[in-house]
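Q: Please take a close look at one strand of this structure and its surroundings. After that, describe some other parts of the chain for a reader who has not seen it before.

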Amino acid sequence: MGSRRIAAIILAAGKGTRMNSARPKVLHTLAGIPMIGHVLAALNDIEVRESKVVISPEQLEVADYVAPYPAVIQDPPRGTGDAVLAAINEVSAEIDDVLVLFGDTPLLTSETMKRLLEARRDPSDPAAVVLGFYPDEPGEYGRLIINSNGDLTGIIEAKEASPEILTIGFCNAGIMAFDANRLQEILQEIGNDNSKGEYYLTDAISIAISKGWGCKAIEADNPLEVMGVNTRAELAIAEASMQDRLRSDAMRRGVTLIDPSSVWFSADTILGRDITVGPHVWFGPGVSIGNNVEIRPFCHIEGARIGEGAIIGPFARLRPGTNLGDGVHIGNYVEIKEAKLDSGVKVNHLSYIGDSVVGYDTNIGAGTITCNYNGFSKEKTEIGAQAFIGSNTAIVAPVKIGDRAIVGAGSTLTRDLPADALGLTRAKEIVREGWAADFRKRKSKTVPADKDQRDLD
Ligand code: UD1
Ligand code: MG
């Protein structure tokens, strides 16, 4: 933004009553990240000198989440105008422009923020520039009043609007850029003489006009980008829109999505190139995936790093702390948690590997369970490289299995196994020739009597 010094004020102190939630509205998540996190991430892409997040005294969790961005407490929250007033006192005197953002408008992009700030620098030097849009249903949005010159002369909140004003389709997205000095003066004059008894920031426009200062509105390219999330239904609409954006980004970066609409990303999912993702895959926060990975259908993945060329699923669950080396194969009904599997490890069927490290090229047979929890503490399993764990093995941690060791199928290991050793725990196998046939004969004699008895009942 050239040499201009910009401050951002992010409003997040509203009660969020319409969410009907114990959680502050702006901490409700979208693509795995709180709404306000998306606003701060977009803000990160523009040059801002200082940012202040306005929160209410009842919602101190928001301050914890936004740190190190400083929070300003608005006590009590009395409207958007009052919120900006609470923050403006904390903004340094050297600031030229103030960008006001809403914590409940999570789809806003940094490009749109830049457009707004550029419009503020227009030679006509408007006191305020407001972002407008045409929603499908203008409903409760404030209506923008534009005069015959195309200038903004006022904003009327839906609650205060006449039926005639409500027919206006051009609405306030809530995002505004102000000249810092004139904003100081305007804020002193905002009153609360309205149906909600709140200090509306939207009144800033008519106040500026009354002082002879011009204001402008610019239109958002995409109405969805500026939707405000006030209800759970709107949260779902915003989520769908965010997911479409993330899916398009992924495909642009060289990821094949066989059925894009059934793949759910987190905003922080890191994807390499030439990855293929099958239908019905969910990525929670903290996932990074290397090049040439194949994620087969129906996988649930969060907090996991996946090395190059790995094959995951179908039906795999990778939980936080999973770290898979290159070329690892994780098959169906396998759950991995807090475990590092070196390159070439295979866990192809029906297994649970938790709190473990596994050396390279080790093969873990079907139905292997690391018994990592004794009801009190989590214990660790260490398996060396090139080992072979037979099917249906229970490893009762803490246990260390050496390199190249072999564990016989069906074993329950409780002791360490040295490198190159065989570990086997198995009851003696009994073979009795003809026993099954004799058993059936014995039983079949008694069945008719039972059956007769049943018939009598
Ligand atoms: C607001 C606008 C409306 C606009 C809409 C866009 C006002 C008066 N109305 O209405 O014109 O069309 O957004 O989404 O500005 N907040 C505070 N302190 C408060 C009140 C609110 O920080 O005392 C914060 C909220 O946390 C929220 C934002 O300001 O992030 C907007 O508040 P909200 O109550 O959602 O306003 P809307 O009714 O949506
Ligand atoms: Mg809102």
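A: Valine 53 stands opposite alanine 71, a residue of strand S5. The model shown here is a predicted one. The two strands concerned are S4 and S5, the latter made of residues 71-73, and they pair in the parallel sense over three bridges. S4 also pairs with strand S1, residues 6-11: five bridges join S1 to S4, and these strands too run parallel. One of the pairs there sets leucine 11 against valine 54 of S4. In general, strands of a sheet pair through backbone hydrogen bonds, in a parallel or an antiparallel way.

S4 itself covers residues 50-55 and is mostly covered, with six of its six residues buried. In a regular strand, side chains alternate between the two faces of the sheet. In S4, Glu50, Lys52 and Val54 point one way. Ser51, Val53 and Ile55 point the other way, and the residues of both sets are buried.

One residue of the second set can be followed further. Serine 51 is found in strand S4. Its relative accessible area is 8%, under the 20% limit, and serine 51 therefore counts as buried. Apart from neighbours within four places in sequence, serine 51 is in contact with Ala8, Ile10, Leu43, Tyr69 and Pro70. Leu43 also appears among the buried residues of helix H1.

H1 spans residues 35-44 and is mostly covered, with eight of its 10 residues buried. Those buried residues are Met35, Ile36, Gly37, His38, Val39, Leu40, Ala42 and Leu43.

Between helix H2 (60-66) and S5 there is a loop, and proline 68 has its place in this loop. The peptide bond joining alanine 67 and proline 68 is cis, with omega at about 10 degrees.

Next comes a pair of helices. Two packed helices are described by the angle between their axes and by the distance between the axes. For helix H3 (residues 80-88) and helix H6 (residues 180-189), the axes come within 10 Å and cross at roughly 130 degrees. An angle in the range between roughly perpendicular, which ends at 115 degrees, and roughly antiparallel, which is over 145, counts as oblique. H3 and H6 are therefore oblique to each other. The crossing in which H3 passes H6 is left-handed. On the H3 side the residues that meet H6 are Gly81, Val84, Leu85 and Ile88, and on the H6 side they meet Leu183, Gln184, Leu187 and Gln188. Sorted by class, this contact has five nonpolar residues, three polar ones and no charged ones. In an α-helix there are 3.6 residues a turn, so residues three or four places apart point the same way.

Aspartate 125 lies in the loop between helix H4 (110-120) and strand S7 (128-133). Its phi is near 50 degrees, a positive value in a residue other than glycine. With a relative accessibility of 38%, aspartate 125 counts as partly exposed.

Further along the chain there is an open sheet of 10 strands with parallel pairing, in the order S12-S15-S18-S21-S24-S26-S28-S31-S34-S36. Its edge strands are S12 (255-257) and S36 (422-423), each of which pairs on one side only. Within this order, strand S28 (residues 363-364) and strand S31 (residues 388-389) pair in the parallel sense over two bridges. There asparagine 363 stands opposite phenylalanine 388 in S31.

Another strand of this sheet is followed by a loop with two residues to note. This loop, between S21 (311-312) and strand S22 (316-318), holds proline 314. The peptide bond from glycine 313 to proline 314 is cis, with omega near 5 degrees. Phenylalanine 315 has its place in the loop between S21 and S22 as well. Phenylalanine 315 is not a glycine, yet has a positive phi of about 60 degrees. With a relative accessible area of 36%, phenylalanine 315 is partly exposed.

The last residue described here is alanine 419, in the loop between strand S35 (412-413) and S36. Alanine 419 counts as partly exposed, at 41% relative accessibility. Not counting residues up to four places away in sequence, alanine 419 touches Gly402, Asp403 and Arg404. Alanine 419 and valine 100 are 319 residues apart along the chain, and their C-alpha atoms are separated by 64 Å.

Methods:
Residues are numbered from 1 along each chain as its sequence is written. Chains are lettered from A and ligands numbered from 1 in the order in which they are written. This is a predicted model: local features need pLDDT of at least 70, side-chain atom pairs count only at pLDDT 80 or more; totals for chains, interfaces and linings use all residues. Side-chain values use heavy atoms; hydrogens and water are left out. Axes are lines fitted to C-alpha atoms, for helices over the stretch in contact, and angles run from 0 to 180 degrees between N-to-C directions. Helices (H or I, at least four residues) and strands (E, at least two) are DSSP runs, numbered from the N terminus. Angles under 35 degrees count as roughly parallel, over 145 as roughly antiparallel, 65 to 115 as roughly perpendicular and the rest as oblique. A crossing is left-handed if the near helix is turned anticlockwise from the far one by less than a right angle, and right-handed if clockwise. Contact means heavy atoms within 4.5 Å. Ala, Val, Leu, Ile, Met, Phe, Trp, Tyr, Cys and Pro count as nonpolar, Asp, Glu, Lys and Arg as charged, and the others, Gly among them, as polar. Buried means under 20% relative accessible area, exposed over 50%, partly exposed in between (1.4 Å probe, protein chains only). Two strands pair if DSSP finds at least two bridges between them.
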